[in-house]
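Got your viewer open? Load the model, switch on the cartoon view, and we'll walk through it together.

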Amino acid sequence: MVRGAVASTNCATSSSIEVLAENKYPLLIGLVFVRAIDASLTYYGLSIGLREANPIVVLTVETLGIIPGLFFLSSVSLVLLFFLGEYLLPWVAQSRHNIDLWSNVAYLSVLVVWSAVSLHNMVLIWI
């Protein structure tokens with residue numbers, strides 16, 4: 001009985017890992033969506049008089065303007081993340097399954113962080 005329970009647990013874990021390794025495009029769409037929400041909330045916050053705390057964003061917005069600066073930073077961050085997940089990790093990792101898994105873990109991690117940043121922006125705007 002115990003051996004069967006362990007086997008079913010390993011099977012469930014294995015299928016969860018396979019699902020994470022295979023679902024790259026929903027994560028990428030989520031990253032673009034959350035990045036657009038973050039840029040929109042940052043624009044709205046700056047337009048109502050809040051100040052940006054990130055010095056890189058401040059410098060870029062002062063140099064390029066609010067909308068072009070936020071668009072530039074969002075585009076660069078997404079391109080760098082995609083480059084990291086699709087081109088840099090295959091150079092480091094060996095098997096293709098590990099590459100898909102670790103790139104999706106990286107995408108999911110960044111998605112969580114950017115979601116938290118967007119939530120933080122929303123809270124600051126509402127207060």
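**Starting at L124**

Select L124 to begin: you'll find this residue in helix 5, which covers residues 96-126. Keep in mind as you look around that this is a predicted model. Is L124 buried, exposed or partly exposed? Its relative accessible area is 41%, so L124 counts as partly exposed, because that label covers values between the under 20% of buried and the over 50% of exposed.

Now add Y43, Y44, I48, L50, I66 and I67 to your selection. Together with L124, these residues make a nonpolar surface patch of about 620 Å². Colour helix 2 (24-47) and helix 4 (66-92) too, since each of them supplies at least two residues of the patch.

**Zooming out**

Clear the selection and look at the whole protein chain. How many helices and strands are there? Count five helices and zero strands, so reading along the sequence you get α-α-α-α-α.

Try a surface view next. The protein chain exposes about 8700 Å², and carbon and sulfur atoms supply 73% of that. Of its 127 residues, 27% count as buried. As for who touches whom, take the contacts between residues at least 6 apart in sequence: 74% of them join residues at least 24 apart.

**Into the core**

Hide the surface and select L27, L28, L31, V34, L81, Y107, L111 and W114. These eight residues are the largest nonpolar core. Helix 2 and helix 5 each bring at least two residues to this core, and the largest share, four residues, comes from helix 2.

Stay with V34 for a moment and show its surroundings. Which residues does V34 contact, leaving aside neighbours within four places in sequence? You should find L111, W114, S115 and S118.

Apart from that core there is another one, made of five residues. Select A39, V61, L70 and L73, which are among them.

**Last stop: T60**

Finally, click on T60 in helix 3, the stretch of residues 55-64. Would you call T60 buried or exposed? T60 is buried, because its relative accessible area is 12% and buried means under 20%. To see what surrounds T60, skip residues up to four places away in sequence and light up G65, G69, F72 and L73: T60 touches each of these. You've already met L73, as one of the residues of the five-residue core.

Methods: Residues are numbered from 1 along each chain as its sequence is written. This is a predicted model: local features need pLDDT of at least 70, side-chain atom pairs count only at pLDDT 80 or more; totals for chains, interfaces and linings use all residues. Side-chain values use heavy atoms; hydrogens and water are left out. Patches are made of residues with over 30% relative accessible area and no salt bridge: like charges are joined within 9 Å, nonpolar side chains (Val, Leu, Ile, Met, Phe, Trp, Tyr) within 5 Å. Accessible areas come from the Shrake-Rupley method with a 1.4 Å probe; for residues, only the protein chains shown count as cover. A salt bridge is a side-chain nitrogen of Lys or Arg within 4 Å of a carboxyl oxygen of Asp or Glu. Buried means under 20% relative accessible area, exposed over 50%, partly exposed in between (1.4 Å probe, protein chains only). A nonpolar core is a set of buried Ala, Val, Leu, Ile, Met, Phe, Trp, Tyr and Cys residues joined through side-chain atoms within 4.5 Å. Contact means heavy atoms within 4.5 Å.
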